[in-house]
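User: Please examine the following model and answer some questions on its fold and its backbone geometry.

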Amino acid sequence: MDSRLLPVPTDSEIAAEFRRQGLVPGDLEGLFRRAAASSIDTLGPLGPVTALVADLLNNHPDKAEVLFLFARLFSTPNYAFLDPPVSPAARFFALPPDDAVDRVSRLPDALLADIVSRLPVKDAARTVALSRRWRGVWRSAPLVLVDADLVPDTSVLSTVVAAHPGPIRCVHLTNSCTVEFHGLLKHCVEHLADKGIQELVLVNRRWPLDFALPATFLGMATLTRLYLALWKFPSTVGLPSATCFPNLRELELCTVLMEGRDLDFILDRSPVLENLCIQGNLLKFHLRLVSQSLQCVRLLGCFVQEIFVVHAPRLEQLIHSEAWIPGGNCSKIKIGHAPKLQLLGFLHPRNHVLELGNTVIKARTMVSPSTMVPTVTFLGMEVHFGVRNDLKMIPSVLRCFPNVMTLHIRSGKTDHSTGKLNLNFWYESGAIECIHWSIKRLDFYDFQGGRSELAFLKFFFETAFVLEEVVIQLATSFTSMEEVHPKLESLGSIQLASEPCSVLVTGCPGSDQEWRLH
């Protein structure tokens, strides 16, 4: 993946967008509270998002975290784009500098076309001037168009697309979708659809974020990979039932304003879809997975009211991370038929309701074959170790996944502790099969040095008989290893149940500090 930063909207651009939505710029918290008191119908597509953030401000204990969410979602988006199949550094020479014989031109047409399709579009188009042999090569090669290769003259995009007869292998537009380009978008999309586009990356460069993609976009039946960011998805209401994406294998939607019914429409009509990623969608929606092809589903920073895996025989990975849940609500994860599911995360005892085999998993739930998912080998959980009810859920959840080999625990920050649980609690909870006999690696993120964290780690070290490796990553509140030594002294004297076992303590991300616990 090639990580590039989208441009950060300036203060004046953000202020102009707020005015366009009928809002008065200023203090963000005051802004959202005023918006909550008004009719969200007057705010257009951003109204439901604004109302949701206002609700989070009213109910979330960490208001700074909510405001950071807004800033990250709209002001400083940072997404990883698909790598284009060309290299900006690529250069093409018909004659090697030390050889007077033009051997490249003697290659078969199909091979020449493949070579040209891997060049930046400017260099690819210039090959027509090499000789008569090359005149038709560019037009016969599948078009690869990356607007970054045309900067600053991105105005020729529509001309290039119109001039090439197709097929179009891929188009990456991450720098040119400005307000000025919006007027040309409809015609450009029509050309792409007519010429059999396979891979499309389309990022709205500037505000407004509620600019809708043209309905003709839904006619791209040849797409295999689609990446959209910062758009409003076109409505699917009234579309012919025959509309479908028969070749779409990869779909990624980042901060795309989209109704749940439109998402259902796309999923129902993508029979070979393998990878689905939705990032930064705060509009409440339900996700119902019925697919013979899906292998990986990632939901990052989304408000999903329910994820119901009804029938997904090929699903291997299900990730719901950085979930944003309004106060008093939970997101239900219900797993039905998923016989190949191997990776599941990040389960949050407070924000997620886990349902297996028609049984809602609670503290002290007695496991049975119908409430176990034996195929999962990689499990991620987020736990607030200062919240007693969170801790009481851990044994019940872990017993549902008896064959986990890698366990990721993220320690959440707690503003108001509701009681700590000591080592006796874990031993009195009874046997946890995956800890005893299957977990080989434990990754513990954001360790804060609390007593409940230490009690959990002691229990783990003393009862995990096949454990091979532990990595404890410190929270950002620690500024040095010396600061954490007193917190971990009690762990150093523990007799590990599994020998040999490596225990590594590392600094926060970006730090090169590490300490091996013996």
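User: How many helices and strands does the secondary structure of the chain come to?

Analyst: This is a predicted model, in which local features need pLDDT of at least 70 and side-chain atom pairs count only at pLDDT 80 or more, while totals for chains, interfaces and linings use all residues. Residues are numbered from 1 along each chain as its sequence is written, and side-chain values use heavy atoms, with hydrogens and water left out. Helices (H or I, at least four residues) and strands (E, at least two) are DSSP runs numbered from the N terminus. On that basis the chain has 15 helices and 22 strands.

User: Which helix gives the most residues to the largest nonpolar core?

Analyst: A nonpolar core is a set of buried Ala, Val, Leu, Ile, Met, Phe, Trp, Tyr and Cys residues joined through side-chain atoms within 4.5 Å; buried means under 20% relative accessible area, exposed over 50%, and partly exposed in between (1.4 Å probe, protein chains only). The largest such core has 119 residues, and L200, F217 and L228 are among those with the most contacts inside it. The greatest contribution, 7 residues, is from helix 14 (residues 451-463).

User: Within what arc do the buried residues of helix 15 fall?

Analyst: Helix 15 (residues 481-492) buries M481, V484, L488 and L491, whereas E482, P486 and E489 are exposed on its other side. The arc is that of the directions from the helix axis to the C-beta atoms. The buried residues line one face of the helix, because seen down its axis they fall within an arc of 65°.

User: Which strands stand at the edges of the open sheet of 5 strands?

Analyst: Two strands pair if DSSP finds at least two bridges between them. The strand order is 9-11-13-15-16, with mixed pairing; strands 13 (residues 331-337) and 15 (residues 352-356) pair in the parallel sense over 5 bridges. Each edge strand has a single partner, so one side of it is left without a neighbour in the sheet; these are strand 9 (285-290) and strand 16 (359-360).

User: Is T255, which has a positive phi, buried or exposed?

Analyst: Most residues other than glycine have a negative phi. T255 has phi near 50° and is placed in the loop between strand 7 (250-254) and helix 10 (260-268). With a relative accessible area of 7%, T255 is buried.

User: What is the omega of the cis peptide bond from G345 to F346?

Analyst: Most peptide bonds are trans. F346 belongs to strand 14 (residues 343-347). The bond from G345 to F346 is cis, with omega near -10°.
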